[in-house]
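Work through the exercises below with the sequence and the model side by side. Each task is followed by a worked solution.

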Amino acid sequence: MTLAPAVALSVMLLAGCGSGGAATTTISGAYGTTITTPLSAAGTYTLYFLKKGMGNVALNGQPTDHTFTFKGSTLTSPGGGPNVCPTAGTYRIHLAGKHLTLTVIHDPCTIGRALILPGHTWTKVG
C-alpha cells in the first residue's frame, strides 16, 4: 500500500511513540478521534481495544502496525524500531460513558504517540 507523505509521516510518528499497556477491564470496542494540529499528526485515529488486553490502531480507516496493551486503567505503548520512540510510554485511561481520555503516567517521547494519545477525547465508535 502506498501512503501519501503526510499520512506516512503520521503513521511513522504514531508507531514511533509506541504501543502497549493497561486499561479498565470493562473497556472494549473502538474509540476514535480526529487530530488537526500539529499537521504532522493530522488524521482520524481509531484505537481498537481487543480481547486479552491487546489493542491496535488505525489511521484514516487503514490499519497500522501500531499495537498497545492495556490492563486495569493503564495503557502501554511500546517503543523501538526505526523512526519511533526508543522506550515505552504508559498512560492512564479515563473512561466516562462513551468518552475516553488518556493522560501521561510516564513517557519520555515528545513526538508520535505523545502528539496522538494524550490530550484528546476519544469517542466510542464500535
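A residue is called buried under 20% relative accessible area, exposed over 50%, and partly exposed in between (1.4 Å probe, protein chains only). The model is predicted: local features need pLDDT of at least 70, side-chain atom pairs count only at pLDDT 80 or more, and totals for chains, interfaces and linings use all residues. Residues are numbered from 1 along each chain as its sequence is written, and side-chain values use heavy atoms, with hydrogens and water left out.

**Exercise 1. The disulfide**

Find which cysteines the disulfide joins, and decide whether each is buried or exposed.

Step 1. Apply the rule that a disulfide is a pair of cysteine sulfur atoms within 2.5 Å. The count is 1 disulfide.

Step 2. Cysteine 85 is joined to cysteine 109, with an S to S distance of 2.1 Å. The pair links distant parts of the chain, 24 residues apart: cysteine 85 lies in the loop between β5 and β6 (89-96), and cysteine 109 in the loop between β7 (99-106) and α2 (113-116). Helices (H or I, at least four residues) and strands (E, at least two) are DSSP runs, numbered from the N terminus.

Step 3. Cysteine 85 has a relative accessibility of 5% and counts as buried. Cysteine 109, at 10%, is buried too.

**Exercise 2. The barrel and strand β1**

State the order in which the strands close into a barrel, then describe the pairing of β1.

Step 1. Two strands pair if DSSP finds at least two bridges between them. With antiparallel pairing, 8 strands close into a barrel in the order β1-β2-β3-β4-β5-β6-β7-β8. Neighbouring strands of this sheet are turned by 35° against each other on average, direction ignored; axes are lines fitted to C-alpha atoms, for helices over the stretch in contact, and angles run from 0 to 180 degrees between N-to-C directions.

Step 2. On one side, β1 is joined to the antiparallel strand β2 (residues 43-49) by 7 bridges. Glycine 29 has phenylalanine 49 as its bridge partner in β2.

Step 3. β1 also pairs with β8 (residues 122-124), in the antiparallel sense, over 2 bridges. Here tyrosine 31 is partnered by lysine 124, and glycine 32 stands opposite threonine 123.

Step 4. Because 5 of the 7 residues of β1 (residues 29-35) are buried, this strand is largely enclosed by the rest of the structure.

**Exercise 3. Surroundings of threonine 46**

Which residues does threonine 46 touch, not counting residues up to four places away in sequence?

Step 1. Threonine 46 belongs to strand β2. Its relative accessible area is 12%, so it is buried.

Step 2. Take contact as heavy atoms within 4.5 Å. Threonine 46 then touches Ala30, Tyr31, Gly32, Asn56, Val57, Ala58, Trp122 and Val125.

**Exercise 4. The salt bridge**

Which side chains meet in a salt bridge, and is each residue buried or exposed?

Step 1. The criterion is a side-chain nitrogen of Lys or Arg within 4 Å of a carboxyl oxygen of Asp or Glu. It yields 1 salt bridge.

Step 2. The side chains are those of arginine 113 and aspartate 107, at 2.7 Å from N to O.

Step 3. Arginine 113 is buried, at 0% relative accessible area. Aspartate 107 is buried, at 14%.
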